[in-house]
Amino acid sequence: MPEQFPRSPYDTINGLVYFPRMLDKIRIHAKGGLPKGYEEHLGEGFDGRCLRFLGVTYEDVKKRVLAGEPDEAIFTWCMANGRKPNEEEIEVWSSFLLKRGWRDDASERILFRLKESGLEHRDKDIVTMFDFIDIDEGRTPPDFTESQPPRIK
């Protein structure tokens, strides 16, 4: 199977960003199509953050994914068997991840990844880690310019 990228980290389920991407990574890996550099991070990085937020294990989620359960059912199972974050907690967590790398301790990581992947020329387009992932995988990230504060000149 040719290499295949998972969905965008911006994709959501019930307001929770990244979760659909994590499920895609499991499915694609099982079919042998996940890019090699992604395999070492399965269940770690943003996957790990998502799993810890939900209070479930990678192995438990992986079993459900590989059993063919749809995303919605897996999310429902996580909510029933994990820590049960409410809507506001999901909103806060998702907002944090949406901005990861923008004016925080992950900013240096974005600069490193830009150099590593030869995308230094896109430094004005890539503000967050999610932006980097989308552009690195050939997608255009959402346009958030309307939500940015006006700049003083």
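Begin by selecting helix H4 (residues 58-66) together with H5, two helices that pack at an angle of about 150 degrees with their axes 10 Å apart. Because angles over 145 degrees count as roughly antiparallel, H4 is described as roughly antiparallel to H5. The model on the screen is a predicted one, and the tour should be read with that in mind.

Keep both helices displayed and turn on their side chains. The contact is made by Asp 60, Val 61, Arg 64 and Val 65 on the H4 side, and by Ile 74, Trp 77 and Cys 78 on the H5 side. Sorted by class, this contact of H4 with H5 has five nonpolar and two charged residues, with no polar ones. The crossing of H4 past H5 is right-handed.

Next, hide H4, leave H5 in view and add helix H1 (residues 19-30), whose axis comes within 11 Å of that of H5 and crosses it at roughly 115 degrees. That angle makes H1 roughly perpendicular to H5, and H1 passes H5 in a right-handed crossing. Selecting the residues of this contact brings up Phe 19, Pro 20, Leu 23 and Arg 27 in H1, which meet Asp 71, Ile 74, Phe 75 and Cys 78 in H5. By class, the contact of H1 with H5 has six nonpolar and two charged residues, and again no polar ones.

Now centre the view on Asp 71, which lies in helix H5 (residues 71-81). Is Asp 71 buried or exposed? Its relative accessibility is 14%, so Asp 71 counts as buried, the cut-off for that class being under 20%. Show the side chain of Arg 27 as well, and a polar contact of 2.8 Å can be traced between the side chains of Asp 71 and Arg 27. If residues up to four places away in sequence are set aside, Asp 71 touches Arg 7, Ile 13, Phe 19, Pro 20, Leu 23 and Arg 27.

From there, move to Tyr 18, which is found in the loop between strand S2 (16-17) and H1. Although Tyr 18 is not a glycine, it has a positive phi of about 75 degrees. With a relative accessibility of 3%, Tyr 18 counts as buried.

For a second residue with a positive phi, select Arg 103, which is placed in the loop between helix H6 (87-98) and helix H7 (107-117). The phi of Arg 103, a residue other than glycine, is near 60 degrees. Arg 103 has a relative accessible area of 66% and is therefore exposed.

Finish at Thr 128, in the loop between H7 and helix H8 (129-136), where a relative accessibility of 6% means that Thr 128 counts as buried. Which residues does Thr 128 contact, leaving aside its neighbours within four places in sequence? They are Tyr 10, Leu 98, Lys 99, Arg 100, Trp 102 and Ile 110. With Tyr 10, the side chain of Thr 128 makes a polar contact to the side chain at 3.3 Å. Turning towards Asp 131, select its backbone nitrogen, which lies 3.1 Å from a polar atom of the Thr 128 side chain. As a last check with the distance tool, pick the C-alpha atoms of Thr 128 and Asp 104, which are 9.8 Å apart in space while the two residues are 24 residues apart in sequence.

Key:
Residues are numbered from 1 along each chain as its sequence is written. This is a predicted model: local features need pLDDT of at least 70, side-chain atom pairs count only at pLDDT 80 or more; totals for chains, interfaces and linings use all residues. Side-chain values use heavy atoms; hydrogens and water are left out. Helices (H or I, at least four residues) and strands (E, at least two) are DSSP runs, numbered from the N terminus. Buried means under 20% relative accessible area, exposed over 50%, partly exposed in between (1.4 Å probe, protein chains only). A polar contact is a pair of N or O atoms within 3.5 Å; within protein, one must be able to donate a hydrogen and the other to accept it, and residues adjacent in sequence count only if both atoms are side-chain atoms. Contact means heavy atoms within 4.5 Å. Axes are lines fitted to C-alpha atoms, for helices over the stretch in contact, and angles run from 0 to 180 degrees between N-to-C directions. Angles under 35 degrees count as roughly parallel, over 145 as roughly antiparallel, 65 to 115 as roughly perpendicular and the rest as oblique. A crossing is left-handed if the near helix is turned anticlockwise from the far one by less than a right angle, and right-handed if clockwise. Ala, Val, Leu, Ile, Met, Phe, Trp, Tyr, Cys and Pro count as nonpolar, Asp, Glu, Lys and Arg as charged, and the others, Gly among them, as polar.
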